[in-house]
Amino acid sequence: MIIMENDLKQVLENISLDQNQTLLSVLISFVLCILCSYILQITYQRYSRSISSRFQFSHLFPILSGTTFLVIVIVKSSIALSLGLVGALSIVRFRTPIKEPEELIYLFLAIGLGIGFGANQIVTTLGIFILL
């Protein structure tokens with residue numbers, strides 16, 4: 001039993017998703033991504049001048065950031081996967097038009113959080129997010 005626990009610990013310590021990225025760094029990046037997107041959600045709810053339903057729209061930010069994070073983590077290590085993703089995304093598009101430019105800016109910022117943290121650019125992403 002003790003041998004299996006030690007082996008499991010060694011396997012978890014040696015899991016490497018990329019040359020420079022361990023499982024712990026991915027988890028830290030993901031938690032920061034979701035935390036920043038919640039801050040973005042609260043900021044949008046409080047300071048938005050949008051006429052549409054701010055609260056329903058802003059609940060999508062953490063999901064959008066987390067999904068983008070997942071896609072970037074998976075795709076960044078494989079050119080074949082990234083080309084397949086480009087093909088798949090060219091078919092899928094948003095059917096609902098964005099009515100206000102402010103909503104589009106917040107969506108891009110949520111996607112940017114997912115891309116930045118997914119690419120393991122923690123300091124750069126946090127710095128730019130704080131500045132914005």
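This tour proceeds through a predicted model, from the whole chain to its helices, its core, its surface and one loop residue.

**The whole chain**

Begin with the complete chain in cartoon view. It contains 7 helices and 0 strands, and the order along the sequence is α-α-α-α-α-α-α. Of its 132 residues, 27% count as buried. Among contacts between residues at least 6 apart in sequence, 69% join residues at least 24 apart. With a surface display switched on, the chain exposes about 9500 Å², of which carbon and sulfur atoms supply 70%.

**Helix α2**

Next, select residues 23–47, which form α2. This helix has 25 residues and should span 36 Å at 1.5 Å a residue; its end C-alpha atoms are 36 Å apart, so the expected and modelled spans agree. Show the side chains of its buried residues: Ser25, Val26, Ser29, Cys33, Ile34, Cys36, Ser37, Leu40, Gln41, Tyr44 and Gln45. An α-helix has 3.6 residues a turn, so residues three or four places apart point the same way. The buried residues of α2 pack against α3 (54–58), α4, α6 and α7.

Within α2, centre the view on valine 26. Its relative accessibility is 9%, under the 20% limit, and therefore valine 26 counts as buried. Now add alanine 119 to the selection: its C-alpha atom is separated from that of valine 26 by 9.4 Å, although the two residues are 93 apart along the chain.

**Helix α4**

Move to residues 60–75, which form α4. The 16 residues of α4 should span 22 Å at 1.5 Å a residue, and its end C-alpha atoms are 22 Å apart, which agrees. The buried residues here include Phe61, Pro62, Gly66, Phe69 and Val73.

Serine 65, also in helix α4, deserves a separate selection. Which residues does serine 65 contact beyond its neighbours within four places in sequence? They are Cys33, Ser37, Ala110, Leu113 and Gly114. Of these, Cys33 and Ser37 are among the buried residues of α2. Serine 65 itself has 0% relative accessibility and so counts as buried.

**The nonpolar core**

Now select Leu40, Phe61, Phe69, Leu113 and Phe117 together. These are the residues with the most contacts inside the largest nonpolar core, which has 15 residues. The elements that give two or more residues to this core are α2, α4 and α6 (101–118).

Zoom in on leucine 40 to view its surroundings. Not counting residues up to four places away in sequence, leucine 40 touches Phe61, Tyr106, Leu109, Ala110, Leu113 and Phe129. Two of these partners, Phe61 and Leu113, also appear among the core residues with the most contacts.

**A nonpolar surface patch**

Return to the surface display and colour Leu70, Ile74 and Leu81. They form a nonpolar patch with about 270 Å² of accessible area together. Leucine 81 belongs to helix α5 (residues 79–91). Is leucine 81 buried, partly exposed or exposed? At 44% relative accessibility, leucine 81 counts as partly exposed, because that class lies between 20% and 50%.

**The loop after α6**

Finish at asparagine 120, in the loop between α6 and α7 (122–131). Its phi is near 65°, a positive value in a residue other than glycine. Most residues other than glycine have a negative phi. Asparagine 120 has a relative accessible area of 26% and is therefore partly exposed.

Notes
Residues are numbered from 1 along each chain as its sequence is written. This is a predicted model: local features need pLDDT of at least 70, side-chain atom pairs count only at pLDDT 80 or more; totals for chains, interfaces and linings use all residues. Side-chain values use heavy atoms; hydrogens and water are left out. A nonpolar core is a set of buried Ala, Val, Leu, Ile, Met, Phe, Trp, Tyr and Cys residues joined through side-chain atoms within 4.5 Å. Buried means under 20% relative accessible area, exposed over 50%, partly exposed in between (1.4 Å probe, protein chains only). Helices (H or I, at least four residues) and strands (E, at least two) are DSSP runs, numbered from the N terminus. Contact means heavy atoms within 4.5 Å. Patches are made of residues with over 30% relative accessible area and no salt bridge: like charges are joined within 9 Å, nonpolar side chains (Val, Leu, Ile, Met, Phe, Trp, Tyr) within 5 Å. Accessible areas come from the Shrake-Rupley method with a 1.4 Å probe; for residues, only the protein chains shown count as cover. A salt bridge is a side-chain nitrogen of Lys or Arg within 4 Å of a carboxyl oxygen of Asp or Glu. The expected span of a helix is 1.5 Å times one less than its number of residues.
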